[in-house]
Amino acid sequence: MIRRALAGGAGAIALAFGLLGAGAGPVSAAESDCPVGTVCIYPQGQSADTSSPTNVYYARGVHKLYNQEGYHWVYNNQTDGWTVKLCTGSNGTGCGTALQPDYLRWANLTPINSILIEP
């Protein structure tokens, strides 16, 4: 089951989109469309439960983001404790708090220029 982590004041925005309330039940789209061992970014303003990822990252290290603006769900479907950080620098610098495995975060990607995947 995906764990949801809301950043900052994003709770009101998430409620506006009707994206909260994940509980026990059938496998969600996020779990089935985001391969194990990857990090996935979903379309701007859309539910991770009903949409498919637009970006899927398979490898560790820094990955530059292009044309990602506004709020998106970011899902860390990594294994073995690997985390993902959203970074304002294009080279994996200026990173925020790590998103733990099996967590989904509603994040404003406008200021984000890269993500950092690491063990």
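**Exercise 1. What handedness does the disulfide of Cys87 and Cys95 have, and what is the torsion about the S-S bond?**

Solution. This is a predicted model: local features need pLDDT of at least 70, side-chain atom pairs count only at pLDDT 80 or more, and totals for chains, interfaces and linings use all residues. Residues are numbered from 1 along each chain as its sequence is written, and side-chain values use heavy atoms, with hydrogens and water left out.

Step 1. Check the bond. A disulfide here is a pair of cysteine sulfur atoms within 2.5 Å. The sulfur atoms of Cys87 and Cys95 are 2.0 Å apart, and they form a disulfide.

Step 2. Read the torsion. About the S-S bond of Cys87 and Cys95 it is about 90 degrees, so this disulfide is right-handed.

Step 3. Check the surroundings. Buried means under 20% relative accessible area, exposed over 50%, and partly exposed in between (1.4 Å probe, protein chains only). Cys87 has 0% relative accessibility and is buried. Cys95 has 30% and is partly exposed.

**Exercise 2. Describe the disulfide of Cys34 and Cys40, then give the pattern for the chain.**

Solution.

Step 1. The structure holds two disulfides. In the one formed by Cys34 and Cys40, the sulfur atoms lie 2.0 Å apart.

Step 2. The torsion about the S-S bond of Cys34 and Cys40 is about 100 degrees, so this disulfide is right-handed.

Step 3. Cys34 is buried at 1% relative accessibility. Cys40 is buried too, at 0%.

Step 4. Count the bonded cysteines along the chain. The pattern is 1-2, 3-4.

**Exercise 3. Set out the order of helices and strands.**

Solution.

Step 1. Helices (H or I, at least four residues) and strands (E, at least two) are DSSP runs, numbered from the N terminus. The chain has two helices and eight strands.

Step 2. Along the sequence, the pattern reads β-α-α-β-β-β-β-β-β-β.

Step 3. Turn to contacts, meaning heavy atoms within 4.5 Å. Take those in the chain with a separation of 6 or more: residues 24 or more positions apart account for 65% of them.

**Exercise 4. Classify the aromatic pairs and trace what they link.**

Solution.

Step 1. Set the rule. Rings of Phe, Tyr and Trp (its six-membered ring) pair if their centres lie within 6.5 Å; planes under 30 degrees apart count as stacked, over 60 as edge-to-face and the rest as tilted. The structure holds two such pairs.

Step 2. Take Tyr71 and Trp106. Their centres are 5.7 Å apart, with 25 degrees between the planes, and the pair is stacked. Tyr71 lies in strand S5 (residues 71–77) and Trp106 in strand S7 (residues 103–108), so the pair ties together parts 35 residues apart in sequence.

Step 3. Take Trp73 and Trp106. The centres are 5.1 Å apart and the planes at 50 degrees, so this pair is tilted. Trp73 lies in strand S5 and Trp106 in strand S7, so the parts joined are 33 residues apart in sequence.

Step 4. Combine. Ring pairs link Tyr71, Trp73 and Trp106 into a cluster. Tyr71 is partly exposed, at 29%, whereas Trp73 and Trp106 are buried.

**Exercise 5. Find the nonpolar cores and the elements behind the largest one.**

Solution.

Step 1. A nonpolar core is a set of buried Ala, Val, Leu, Ile, Met, Phe, Trp, Tyr and Cys residues joined through side-chain atoms within 4.5 Å. The largest has 13 residues; Val39, Tyr57, Val74, Leu86, Leu109 and Ile115 have the most contacts inside it.

Step 2. Strand S2 (38–41), S6 and strand S8 (114–118) are the elements that give two or more residues to this core.

Step 3. A second, separate core has eight residues, including Tyr42, Ala48, Trp73 and Tyr75.

Step 4. Follow Val39. Leaving out residues up to four places away in sequence, Val39 touches Cys34, Tyr57, Val74 and Ile115, among others.

**Exercise 6. Compare two residues with positive phi, Asn67 and Asp102.**

Solution.

Step 1. Asn67, not a glycine, has phi near 55 degrees. Asp102, also not a glycine, has phi of about 65 degrees.

Step 2. Asn67 lies in the loop between strand S4 (61–64) and S5. Asp102 lies in the loop between strand S6 (83–87) and S7.

Step 3. Asn67 is exposed at 76% relative accessible area; Asp102 is buried at 18%.
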